[in-house]
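Q: Please take a close look at the sheet in chain B. How are its strands ordered and paired, and what packs on it?

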Amino acid sequence: MVVETAPAPVLLRRREGAILIATMNRPERMNALGGGLGEALNEMWLDFKDDPELRVAILTGAGERAFSAGADLRANDARARQMGAQSAQEFLDADRARGVRPSFNGNNFGLWKPVIAAINGWCLAGGCEMSMGCDLRIMEEQAQLGLPEVKRGMGAKQTTHKLYFLTTLPMGLDIDWTGDPITAQQAFDLGLVNEVVPKGQSVRRAMEIAEQICRFPNSYLQYQKLRLFQSIGVPVDYALALEQRAQPHQSGEYRAGLEASLRSRLPGT
Amino acid sequence: MPSVTTRRDGRVFIVELARPAQHNALSRGLQRELVAAWEEYENTDDAWVAVLTGQGGAFSVGHDVQELAHGQGEDASPLAERGLLPLELSKAVVAAVEGPCYGLGFELALACDLRIAGEGAMFGFPDQNLYVGYKVATVLLPRMTNLGVSLDLLFTGKVMDARRAEQVRLVSELVPAGQALARAVEAAKGMAQRFGSAEAFQKRRIWGLSGVPLPTAQGLVRSA
């Protein structure tokens, strides 16, 4: 039996005020989700959700090479052999039967706090799926992103729907069916990533954005995110009718905000 | 002085937001006049396409914050309560956008069928002190662009320039600064000429299919 040892924590957590910076720390394995990293991420997202002092999270990868390469195929392979699994599908089905749920998506946990992916290098397969589960994506110019599962006879099942919501139907199919990675610039042009930054700058820029997000009250951000997600895939007339019936956003900050708003000046005015 | 003006150019019905000194902030009075203008357009049989624009180099900065701050808690936006009217009309509306297009003004532009923007146009929700809740943008944004871009605009208060807005499909056509209205009127005339009636645009039918599961949509189209 292969025993994986982890001398350093596979997931580093750092707090800067209301911001959590989570660094996947298996650089020698391109931050693949083995060695307990998936489980550590699950636990971390739950902690983040329940921590009233944390408002925004940033997810990134250690080292210069990768954000994350997704599932640790070497570790999976060893386990599949041990199980006698004939195919990748059989292996995945066995995982599902055991109730193992990869931590692909903060939204899995009913998480309405903003999460930013700082994509610092290769962002592949399950790693790409995780980045797409985040709300915003900041990508370094040298990084590439893709879903190579198809090249290994697998499908990126957790993600096909996300690609559709994050790009367009034909581009989603293109990325999913070819398995070819795309560059940061291509991802930006598609609207799949929000900003492209120079090498080594993704976390710094994500911090700036997180601070900007924190200028809005939590309740307001959560209200907007909930409204956005609840209207997706709903016929437009029905979605608008639901919105009309929804409670208006009410928060203690509204009145004080108006006073501040009177003093502020908007760009171009 | 009216805060909305309307005029005709052939089959085209032009609506202008006319509070240039306030960057066309959408006061309740303006919103009521705008609703009346849309009703006039809808009931004018030989007007087939409308163009909506703002006077004075801005489309609209959104809510009239002065009014909200000094008001007695009246309804923030009668227009939003009506689902933002251009969307509910049976006939087409083209937005011609220059300069700031923010907040409720951005929602108004999103509720139009096409957006033609001058290169200096700026889109977003940049007032990070105004917590009104953009319930119409949360429905319309992800249909025009994608989820990630929608979240970016709503969460960060970022202002998006016209070029990027075109790239992410929030703007249908980009023109040199100052040309949006002229181009929108030209496009509207072309549409009127090609379609030959207001009904031929099938506006409600196209909008009505948005968000409907594909097999259902195909069934609806077949049975129409």
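A: In this predicted model, six strands of chain B build an open sheet. Their order is β1-β2-β3-β4-β6-β9, and the pairing is mixed. Two strands form the edges: β1, residues 4-9, and β9, residues 173-175, both of chain B. Each of them pairs on one side only. From one strand to the next, the twist averages 20°.

Now the pair β4 and β6 of chain B. Strand β4(B) covers residues 92-97, and β6(B) covers residues 114-118. They run in the parallel sense, paired over four bridges. To place one contact in this ladder, start from B:Val97: its bridge partner in β6(B) is B:Ala117.

A helix packs on this sheet: α8 of chain B, residues 180-195. Helix α8(B) touches β1, β2 (12-17), β3 (49-54), β4, β6 and β9 of chain B. Against β3(B), the direction of α8(B) makes an angle of about 170°.

Beyond the sheet, chain B also meets chain A. The contact takes 47 residues from chain B and 51 residues from chain A. On the chain A side, the elements that give two or more residues are β7 (136-140), α5 (160-166), α8 (202-213), α9 (218-231), α10 (236-245) and α11 (253-263) of chain A. Helix α11(A) supplies the largest share of that side, eight residues. By class, the side of chain A that touches chain B has 27 nonpolar, 15 polar and nine charged residues.

Technical notes. Residues are numbered from 1 along each chain as its sequence is written. Chains are lettered from A and ligands numbered from 1 in the order in which they are written. This is a predicted model: local features need pLDDT of at least 70, side-chain atom pairs count only at pLDDT 80 or more; totals for chains, interfaces and linings use all residues. Two strands pair if DSSP finds at least two bridges between them. Axes are lines fitted to C-alpha atoms, for helices over the stretch in contact, and angles run from 0 to 180 degrees between N-to-C directions. Two residues are in contact if their C-beta atoms, placed from the backbone, lie within 7 Å. Ala, Val, Leu, Ile, Met, Phe, Trp, Tyr, Cys and Pro count as nonpolar, Asp, Glu, Lys and Arg as charged, and the others, Gly among them, as polar.
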